[in-house]
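Trainee: Could we go through this one together? I would like to understand the reasoning behind the labels.

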Amino acid sequence: MTYFKSVTMALLLGFGGFIAAPAQAELTLPPFTDGVIEPMPIAVPDFIDEGGASDLARNIAAVVAQDLAGTGLFANTPKEAYISNITSFDAPVSYPDWSAINVQALITGAVQAGGDRIVVKFRLFDVASGQQQGDGLQFAGTPQSWRRMAHKVADAVYSRITGEGPYFDSRVVFVAESGPKNQRQKRLGVMDYDGANVAYLTDSSSIVLAPRFSPSGDRILYTSYASGFPAIYLMDVASLQTRNLGELPGTMTFAPRFSPDGQSVVFSLEQGGNTDIYSMDIGSGQMRQLTNAPSIETSPCFSPDGSQIVFESDRSGTQQIYLMSASGGEPVRISNGKGRYSTPVWSPRGDMVAFTKQNEGRFHIGVMKTDGSEERLLSASFLDEGPTWAPNGRVIMFTREGAGAGGQAGLMSVDITGRNLKSIKTDGPASDPAWSPLLP
């Protein structure tokens, strides 16, 4: 499973550091929270083949363009509209030719291939000011890692223009489904954030649910029915070795998540008809009960600093969202709208909680501030559920399932404004996505 190991990829400092460049004329978009944003027209000509890389040069440029346009913040200018052609990476840019077709940002690049190594470099230009934005950046890696290098180029451009953190160079673990709707077979799959490079981590001999990446991306927690009852398993993603995390006779464990330091797990444990939240030290196996109520307490998730846990509970009579200290104690309800709330997930930025909401026969994915204020619904359908945050805390992926016997589960993503809702292509039905951190 080499796609999980660190790709041999380095910044070649002689070409300069893109993000650390001195400030120049600012090519920027308004913040995510600022109303409707008109997509910025960009151009991404085919990268220059500087030796043995014709297909790679074209494909890398295409992925960069797709990444940026997929955010809804950028609009690709079709190649047939180009007046100028980029024939050399070092050739001067004819800014009037790009301005004439309304391009605001121009991304040029070059690729060189030889043996088991390729080098990708790029530059970003502000057409209106007639200036290069920052110094260039280049990556070196294997030919098999070309998509990662494309994502890294797009991440650098995206961060430079938006001021937001990157997220394209990441993976998503999910549940791949097959078979009739009433007899689903499920196995764990992993893919690039955009649905490419799918690989499978388990077979379909046992139902698996709710996979979750560790903060370092090297392990996955998930729930499996391998023993006939739901129990939590821990997988090493490099070796695919798994182990049961302390199954206790007469109990069911599920809905696990890592602590921010990756050393412990918080999860739900059902015993004698009652479900509470527990934590476990992964190394020692020592468990601690965090809630003690006759209600169902589930879907716990740590805050990024590890000090609090958000979870769902029906202690008020319906599913609602609560916060409590990571060591337990009296929880505080933060959901206050109409309907039922579930599957809360703390943003990696710490500023919001994403959730599933059911109200008046519709399901929604929504976000709210961590005190429950400023609730905003981002989607609506027959069944939307299970949000997961991109590493930059500005995009959410979730499961959408259609109605009826023929309704299939699929993956969707949406930004925190709700403006850019789109489907993620998978080979078949898919559910329970969980985003990785940025790859090393």
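Mentor: Happy to! Let's start with aspartate 155: beyond its neighbours within four places in sequence, it is in contact with Pro166, Tyr167, Phe168, Asp169 and Leu438. Keep in mind that this is a predicted model. Aspartate 155 itself lies in helix 3.

Trainee: How do you know that aspartate 155 has no salt bridge?

Mentor: The nearest side chain of opposite charge is lysine 152, at 6.3 Å. A salt bridge needs the nitrogen and the carboxyl oxygen within 4 Å, so that distance does not qualify. Aspartate 155 is nonetheless buried.

Trainee: Tyr167 was among those contacts. Why is tyrosine 167 called buried?

Mentor: Its relative accessibility is 5%, and buried means under 20%, so the label fits. The reasoning also works for tyrosine 193: a value of 7% is under that cut-off, so this residue is buried as well.

Trainee: What makes the pair of tyrosine 167 and tyrosine 193 edge-to-face?

Mentor: A search of the whole structure finds 12 aromatic pairs. In this one, the ring centres are 5.8 Å apart, and pairing asks for centres within 6.5 Å, so the two rings pair. Their planes stand at 80°, and over 60 degrees counts as edge-to-face, so that is the name. The two tyrosines are 26 residues apart, tyrosine 167 in the loop between helix 3 and strand 9, and tyrosine 193 in the loop between strand 10 and strand 11. Both belong to one aromatic cluster with Tyr158, Phe168 and Trp435.

Trainee: And why is the pair of tyrosine 222 and tyrosine 233 called stacked?

Mentor: Here the planes are 25° apart, with 5.9 Å from centre to centre. Planes under 30 degrees apart count as stacked, which gives the pair its label. Tyrosine 222 is in strand 13 and tyrosine 233 in strand 14, so the pair ties together parts 11 residues apart in sequence. Both tyrosines are buried.

Trainee: What makes us say that the charged end of arginine 187 sits over the ring of tyrosine 200?

Mentor: One part of the test is distance: the charged end is 3.6 Å from the ring centre, against a limit of 6 Å. There is also an angle condition, within 35 degrees of the ring normal. Arginine 315 likewise has its charged end over the ring of tyrosine 322, 5.5 Å from the centre.

Trainee: Last one: why is lysine 369 called partly exposed?

Mentor: Its relative accessible area is 31%, which lies between 20% and 50%, so it is partly exposed. Lysine 369 is in strand 26 and touches Asp351, Met352 and Glu374, leaving out residues up to four places away in sequence.

Key
Residues are numbered from 1 along each chain as its sequence is written. This is a predicted model: local features need pLDDT of at least 70, side-chain atom pairs count only at pLDDT 80 or more; totals for chains, interfaces and linings use all residues. Side-chain values use heavy atoms; hydrogens and water are left out. Rings of Phe, Tyr and Trp (its six-membered ring) pair if their centres lie within 6.5 Å; planes under 30 degrees apart count as stacked, over 60 as edge-to-face and the rest as tilted. Helices (H or I, at least four residues) and strands (E, at least two) are DSSP runs, numbered from the N terminus. Buried means under 20% relative accessible area, exposed over 50%, partly exposed in between (1.4 Å probe, protein chains only). Lys and Arg count as positive and Asp and Glu as negative; His and the chain ends are not counted. Contact means heavy atoms within 4.5 Å.
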